[in-house]
Amino acid sequence: MDTQNAMAGHNSPLDVALSLRMATLMDQVSRAVDRGEALLAFQPVVRAESTGQPAFYEGLFRVVDESGRFVPLGDFLPRAEATDLGRQIDCLSLALGLRALHDDPALRLSVNMSARSVGHPVWTETLRRGLAQDERIAERLILEVTESSAMDMPEIVVPFIRDLQLRGVTFALDDFGAGQTSFRYLRAFNFDMIKIDGQFIREIAQQPDHQVLTQALQAIAHHFDMFTVAEHVETAEDAAYVIDIGVDCLQGYYFGAPTITPPGTPPRRAAM
């Protein structure tokens with residue numbers, strides 16, 4: 001009996017179907033990335049004291065499948081992150097972000113990356129070429145490093161952050177509170193910005209547990225002189241609460257959905 005049949009023998013038909021669907025999806029994403037069939041969706045991040053004016057935008061990576069539809073990021077990114085496909089996604093996302101910054105001198109943009117891409121030759125060369133076009137781009141680039149990947153390799157991430165901060169790049173710790181943060185490393189990382197994970201922000205106005213946890217994360221970030229962003233703000237009540245506790249910036253559907261239309265141009269199409 002071969003391995004596939006042996007696995008099938010121990011799994012339910014539903015498990016097998018889900019496994020095959022995921023394999024098919026990963027193949028589709030891999031082919032799309034190879035062809036460069038991806039784009040960034042731009043979502044505004046607003047200042048608490050001036051919510052009508054974006055402080056910057058997050059460039060959210062989107063893959064277009066063979067039917068022309070957007071593939072939900074959550075369907076494939078967690079599995080891809082630890083593979084070579086994850087590095088390809090980081091490289092393409094960075095290239096798209098640098099191109100957007102080059103095209104719009106007024107844009108400030110954050111781009112997501114995994115710490116696993118630090119030192120990756122293609123990613124490093126993509127960044128080098130992008131900054132070489134115009135060194136001032138560095139001052140408008142924010143690199144968002146996922147919390148889980150940063151904590152896995154602090155000895156690599158710390159000098160990487162310090163080197164690029166000297167060139168003007170801003171660093172954000174993404175999904176703060178979602179993973180196993182080692183607070184003894186937090187000062188050493190010296191992130192400029194902390195993005196509080198959206199699971200604590202949704203319905204925060206009605207959830208005392210979310211309030212206590214968010215206030216604790218907010219206090220930790222400010223203790224280390226780090227700017228704070230509340231993710232997934234979806235209602236006026238939640239926005240009012242996080243503003244009241246002193247969060248610096250807010251991001252979420254209440255202030256704007258991601259759109260594939262670059263900032264400063266007439267809206268065309270949303271990218272959920």
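Let's start inside the fold, at Cys-91: leaving out residues up to four places away in sequence, this cysteine touches His-120, Val-122, Trp-123 and Thr-126. Keep in mind as you look around that this is a predicted model. Cys-91 sits in helix 4, which runs over residues 84–103. Is Cys-91 buried or exposed? Its relative accessibility is 10%, and since buried means under 20%, Cys-91 counts as buried. For a sense of distance, take Ala-138: 47 residues separate it from Cys-91 in sequence, and the two C-alpha atoms are 16 Å apart in space.

Step back by one residue and you land on Asp-90, also a part of helix 4. Asp-90 carries an acidic side chain, counted among the negative ones, and yet it is buried, with a relative accessible area of 9%. What does Asp-90 contact, once its neighbours within four places in sequence are set aside? The answer is Asn-112, Met-113, Ser-114, Ser-117 and Trp-123. Trp-123 is worth a second look, as it turns up in the contacts of Asp-90 and is touched by Cys-91 too.

Now zoom out to the whole chain. DSSP-style bookkeeping gives 10 helices and nine strands. The C-alpha trace spans about 60 × 50 × 45 Å along its principal axes. How does that sit with a globule? For 272 residues, a compact globule would have a radius of gyration near 19 Å, and the chain has 19 Å, so the two agree. Buried residues make up 48% of the 272. As for what is in contact with what, take the contacts with a separation of 6 or more: 65% of them come from residues 24 or more positions apart.

On the outside, the accessible surface comes to about 13,500 Å², and carbon and sulfur atoms own 53% of that. Charge is next: there are 23 positive and 37 negative side chains, and the centres of these two sets lie 6 Å apart.

A couple of loops deserve a stop for their backbone angles. Asn-190 is not a glycine, but its phi is positive, about 60°. You'll find Asn-190 in the loop that links helix 8 (183–189) to strand 7 (193–196). With 40% relative accessibility, Asn-190 counts as partly exposed. Asp-225 is another non-glycine with a positive phi of about 60°, and its loop lies between helix 9 and strand 8. Asp-225 is exposed, at a relative accessible area of 71%.

From that loop, carry on to helix 10, residues 236–244. Which residues of helix 10 are buried? They are Asp-238, Ala-239, Tyr-241 and Val-242. These residues cover an arc of only 165° around the axis, and that is why they fall on the same side of helix 10. The cover over them includes helix 9 (208–223), strand 8 (227–230) and strand 9 (249–251). So the two elements that flank the Asp-225 loop, helix 9 and strand 8, are also among the pieces covering the buried residues of helix 10. After helix 10 comes Gly-246, with a positive phi near 100°.

Key. Residues numbered from 1 in each chain as written. Predicted model: local features only at pLDDT ≥ 70, side-chain atom pairs only at ≥ 80, totals over all residues. Heavy atoms only, no water. Buried < 20%, exposed > 50% of the residue type's maximum accessible area, 1.4 Å probe, protein only. Helix = DSSP H or I, 4+ residues; strand = E, 2+ residues; numbered from the N terminus. Arc of directions from axis to C-beta. Contact = heavy atoms within 4.5 Å. Rg over C-alpha atoms; globule rule 2.2 N^0.38 Å. Areas by Shrake-Rupley, 256 points an atom, 1.4 Å probe, with all protein chains shown as cover. Charge placed at Lys NZ, Arg CZ, Asp CG, Glu CD.
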